[in-house]
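Colleague: Please take a close look at one part of this model and describe it residue by residue where possible. Then set it against what surrounds it.

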Amino acid sequence: MESPLLNIEDLSISFGTREVVHRLSLTIAPGETLGLVGESGSGKSATSLAILRLLPASARITGKIELNGHSLLTLPEESMRKHRGSSISMIFQEPMTALNPVMKVGAQIAEAYTAHHPGETRISLRNKVLQFMRDVALPDPERRIDDYPHQFSGGQRQRILIAMALINRPRLLIADEPTTALDVTVQAQILHLLKDIRRTHNLSMLFISHDLAVVSQIADRVAVMQHGKIVEQNTTQALFTNPQHPYTRSLLASAP
Ligand code: ADP
Ligand code: MG
């Protein structure tokens, strides 16, 4: 098997005396999408934040997280900052909270790039922003580059965040409930976009959702999480046709 892009071994996370993730192990191969599914509070976001080392300093983290064979947990903060938003990017449930309401969207997309590539000329930067606005199918980029976040719909704001997440050409995209705040039609459009860019940008993806039906539309493999543990992990098809764990069966039974 090809060596994994992301390799997590025995990851445990505690807040105070409460362990919220227990000995979690998973891998993601280059180009692969792993779905992480589980009910609210099962430790999905804590896991994704641990990968980016964005958990509060009070969290106790043990185990191993490797990107391309390099340990992330032991990296100096300075090097971790370089990975964040460049080799690993993340998109969240609420696009509005991740955007600056008083800054033009074009400037925000540009800033995501210049944070990792200082010294880009203005013209070339503008062209890059327009290119990524086009890549995520934002309408009329030339005209809308100077609009503010509130002038876009929820789905369009998620597209803006996806453009920001992609502009440094990451290897891994962590999508934590990226469609949960959107209505069903828009949800389908964003899923379609993620499938599209995953191919064109040769991305690996950790796709997190409480909704197994959503996860199954995009994931090659699915890991099912309950109370901080992965209880079952399989290819999407095998998980649906032959679920092993009672919790997985209950998720399948409650799916529409
Ligand atoms: P999920 O994303 O699966 O809904 P989370 O990873 O957000 O779950 O949370 C897992 C558990 O960890 C929850 O019980 C939550 O209350 C707790 N938790 C998350 N972040 C913190 C924090 N910063 N401090 C204390 N507890 C936290
Ligand atoms: Mg969460």
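Modeller: I start from arginine 60, which is exposed because 12 other C-beta atoms lie within 10 Å, and the limit for exposed is 12 or fewer. The model is a predicted one. Arginine 60 belongs to strand β4, and that strand is the part I will look at closely. For a sense of distance, the C-alpha atom of arginine 60 is separated by 37 Å from that of histidine 192, a residue 132 positions away along the chain.

Strand β4 covers residues 59–67. It belongs to an open sheet of four strands, ordered β2-β1-β4-β5, in which the pairing is antiparallel. The edges of this sheet are β2 (18–28) and β5 (70–71), each of which pairs on one side only. In that order β4 stands between β1 and β5.

Consider the β1 side. Strand β1 takes in residues 6–15, and eight bridges connect it to β4 in the antiparallel sense. One of the pairs is leucine 6 with its bridge partner in β4, leucine 67. On the β5 side, the antiparallel pairing with β4 rests on two bridges. There, leucine 67 has histidine 70 as its bridge partner in β5, and glutamate 66 has serine 71. Leucine 67 is thus bridged to leucine 6 and also to histidine 70. As a general point, side chains in a regular strand alternate between the two faces of the sheet.

Next comes the turn out of β4. The hairpin of β4 and β5 has two residues between its strands, and asparagine 68 takes a positive phi there, near 55°. Most residues other than glycine have a negative phi. Asparagine 68 is not a glycine, yet its phi is about 55°. Its place is the loop between β4 and β5. Is asparagine 68 buried, partly exposed or exposed? Asparagine 68 is partly exposed, because it has 14 other C-beta atoms within 10 Å, a count between the limits of 12 and 20.

The loop on the other side of β4 has a similar item. Arginine 53 lies in the loop between α1 and β4. Its phi is also positive, near 55°, in a residue that is not glycine. With 17 other C-beta atoms within 10 Å, arginine 53 is partly exposed.

That loop leads back to α1, residues 44–51, which gives the most to the shell around ligand 1, with three residues. The residues around ligand 1 include Lys44, Ser45 and Ala46, together with Gly38, Ser40, Gly41, Ser42 and Gly43, and also Phe15, Val20 and Pro56. By class the shell consists of four nonpolar, six polar and one charged residues.

Beyond the four-stranded sheet there is another open sheet, of six strands, with mixed pairing and the order β6-β7-β8-β3-β9-β10. Its edge strands, β6 (88–91) and β10 (229–235), each pair on one side only. Neighbouring strands in it are turned by 15° against each other on average, with direction ignored. Helix α1 packs on this sheet and touches β3 (33–37), β6, β7 (172–176), β8 (204–209) and β9, its direction making about 150° with that of β7. Near one edge of the order, β9 (residues 221–226) and β10 run antiparallel and are joined by six bridges. Within that pairing, valine 224 stands opposite glutamate 232 of β10. A further helix, α7 (residues 154–166), lies across β6 and β7 and runs at about 170° to β6.

One helix pair completes the surroundings. Two packed helices are described by the angle between their axes and the distance between the axes. For α4 (residues 105–114) and α5 (residues 122–135) the angle is about 110° and the axes are 9 Å apart. That angle makes α4 roughly perpendicular to α5. Gly106, Ile109, Ala110, Tyr113 and Thr114 on the α4 side meet Leu125, Lys128, Val129 and Phe132 on the α5 side. The contact holds six nonpolar, two polar and one charged residues.

Technical notes: Residues are numbered from 1 along each chain as its sequence is written. Chains are lettered from A and ligands numbered from 1 in the order in which they are written. This is a predicted model: local features need pLDDT of at least 70, side-chain atom pairs count only at pLDDT 80 or more; totals for chains, interfaces and linings use all residues. Two strands pair if DSSP finds at least two bridges between them. A residue is near a molecule or strand if its C-beta atom, placed from the backbone, lies within 6 Å of it. Ala, Val, Leu, Ile, Met, Phe, Trp, Tyr, Cys and Pro count as nonpolar, Asp, Glu, Lys and Arg as charged, and the others, Gly among them, as polar. Axes are lines fitted to C-alpha atoms, for helices over the stretch in contact, and angles run from 0 to 180 degrees between N-to-C directions. Angles under 35 degrees count as roughly parallel, over 145 as roughly antiparallel, 65 to 115 as roughly perpendicular and the rest as oblique. Two residues are in contact if their C-beta atoms, placed from the backbone, lie within 7 Å.
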